[in-house]
Amino acid sequence: MRKDVRILLVGEPKVGKTSLIMSLVSEEFPKVVPYRAEEITIPADVTPEKVPTHIVDYSEAEQTDEQLFQEISKANVICIVYSVNNKTSIEKVTSHWIPLITENTDKDSRVPLILVGNKSDLVEHSSMETILPIMNRYSEIETCVECSAKNLKNISELFYYAQKAVLHPTGPLYCPERRDMKSLCVKALTRIFKVSDLDNDGILNDNELNFFQRTCFNTPLESQALEDVKNVVRKNLSDGVCDNGLTLTGFLFLHTLFIQRGRHETTWTVLRRFGYDDDLELNQDYLFPPLKLPPDCTTELNHNAYLFLQSIFDKHDKDRDCALSPEETSDLFDVFPYMPWGPDVNNTVCTNDQGWITYQGYLSQWTLTTYLDVQRCLEYLGYLGYSIIAEQESQASGITVTRDKKIDLQKKQTQRSVFRCNVFGDVGSGKSGFLQAFLGRNHMRQKTIREEHRSYYAISTTYVYGQEKYLLLHEVSPDFDTLSDADLACDIVCLFYDVSNPYSFEYCATVFKQYFMDSKVPCMMIAAKSDLPEIKQMYGCSPLEFCRRHKMPPPQSFTCNTAAAPSRDIYTKLTTMAMYPHVCQADLRSSTFWLRASAGATVCAVLGFAMYRVLLKPR
């Protein structure tokens, strides 16, 4: 909502503009009326909407046309005052004032107008018969008020309607000619309905309606009030109520009714609660709440955010197969202005045999987005209504900013759950296969991936000492000239070479010496395509000797050319090294060190699967 409201009064001389303002302020008709009243400000605490209101007078005798034009451009709402007993002042409303205002305001954001018929104490008849055709002709006219500055009739109402025209404008919501809501309003309310439909059955049941009512208006509806609302819809629409719940059609009908009956503040309260601005676009402050991210810190989803995202998955996984079909995915993102996930996402996270994103893959993708682009994650959570459904102040409450990595190194422990591994290797060394193998895809399955749907990221969970962690793999471009700070900033480096290519290792050695030899980032050498005959590398020393000299673990053999899913042991090792970068070389060479880590992984994986099956039963 706006922070303040600026009301401008214009009209022909002697129609009573100044008298109206002075009667409002002093609550009595002024005996002496100046040419023009000074600008006054009504404090927020004495206005119905609790918003400071500035009232500005105009006098032809004291102001130039240029000054008038400036005031018109600054005004949030303009009251065109006419005298009910003066036909000329009424005619000037359409012949002079409306065209003048139109010329001096932005066409894309027309200022709302209020027609004010003053001096109603001097006549016995109403001017409404003359004014109604004018109101029907100009959509920017919000309403017409007849009043009297002399006997204080409708003075406070006049300024309330002016304030309301700014804070709760009809224009963006409703088309008087069609007697129906505008498409942007329908679109916004449709999203609100879908967010509020917690079980995704297409109706708002009593519990959902009560939650919606409490969320928007801080008060629940009594049972009888709920029935009364549904009965109104039933009488007017055959499909407005289904299974004793409100359908989308019924929900939209109710808001149309509110607007037609002059209660558009009700609809605006709902729209603003769900993040919409005056143009019915989602507010930038709503989508992107402040989040401080110091250097060397990362961003992760916290427990509340994961619970919310799990509920969103459950809401849309209609067939309960623990995966999202293309139709279910489309339904989930129907509350977005665009489809946020492209085909590459299916090659970034785990999918089922049909290529549909699994429950684990879904959470992994959200984890990836949070880590790589937290602002986008905040935006996405905003579209899904996180702050409303989770009853949090903003999406930022769902994000954990981890502490500086330097502190982790000093304390020799970390509280982080997501670790980034940048994978370096020459062209053809097998990096892409390594990423896909992490998602359980062997060489044969990888052949079905289309080049345009390829992903340079892969993320999934691993278990280290019984703790579930996310490992994020990023395939780095082999071109030295294009390496960015992000390519070098990571928790562990993976140096990839092809054992069957004698010139493959040289690239790894060069990358290590140029970028990582003096850094504190742990590195692991991977001897890829280990199912092929190993050929001597054309370099000054063997990969094993190179690792020994630079205090790295010995090269780890890897292949994805297997009948079943490739082994995940190597990924557990990478995550362990990322979690414990301070572990000395002797420990890294110790088989018991790796056994303890992987044994914990096995136990936790078995327990995790059992727990997951238990959790699935009520779903």
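Helices (H or I, at least four residues) and strands (E, at least two) are DSSP runs, numbered from the N terminus. What you see is a predicted model, where local features need pLDDT of at least 70 and side-chain atom pairs count only at pLDDT 80 or more, while totals for chains, interfaces and linings use all residues. Residues are numbered from 1 along each chain as its sequence is written, and side-chain values use heavy atoms, with hydrogens and water left out.

**View 1. A look at residues 416-580.** Over this stretch the chain is 28% helix and 25% strand. The C-alpha atoms at its two ends are 11 Å apart. UniProt, in an unreviewed entry, lists residues 2-168 and 416-580 for "domain: Miro"; its positions follow the numbering used here, feature names are shortened, and annotations may be inferred rather than shown by experiment.

**View 2. Helix H18, mostly covered.** H18 spans residues 431-438, and 7 of its 8 residues are buried (under 20% relative accessible area; exposed is over 50%, partly exposed in between, with a 1.4 Å probe and protein chains only). The buried ones are Lys431, Gly433, Phe434, Leu435, Gln436, Ala437 and Phe438. Just past the helix comes Gly440, with a positive phi of about 85 degrees.

**View 3. Val270 and its surroundings.** Val270 sits in helix H10, which covers residues 264-273. Its relative accessible area is 1%, so Val270 counts as buried. Skip the residues up to four places away in sequence, and Val270 touches Leu189, Ile192, Phe212, Cys216, Phe217 and His255 (a contact means heavy atoms within 4.5 Å). Thr215 is 55 residues from Val270 in sequence, yet their C-alpha atoms are 8.8 Å apart in space.

**View 4. Thr358 in a strand.** Look for Thr358 in strand S14, residues 357-358. Thr358 has a relative accessible area of 15%, so this residue is buried. Setting aside neighbours within four places in sequence, Thr358 is in contact with Phe313, Cys322, Ala323, Cys350, Thr351 and Asn352.

**View 5. Stepping back for context.** Those close-ups come from a protein with 25 helices and 21 strands. Of its 619 residues, 50% count as buried. Take the contacts between residues at least 6 apart in sequence: 70% of them join residues at least 24 apart. The C-alpha atoms fill a box of roughly 105 × 55 × 40 Å, taken along the principal axes.
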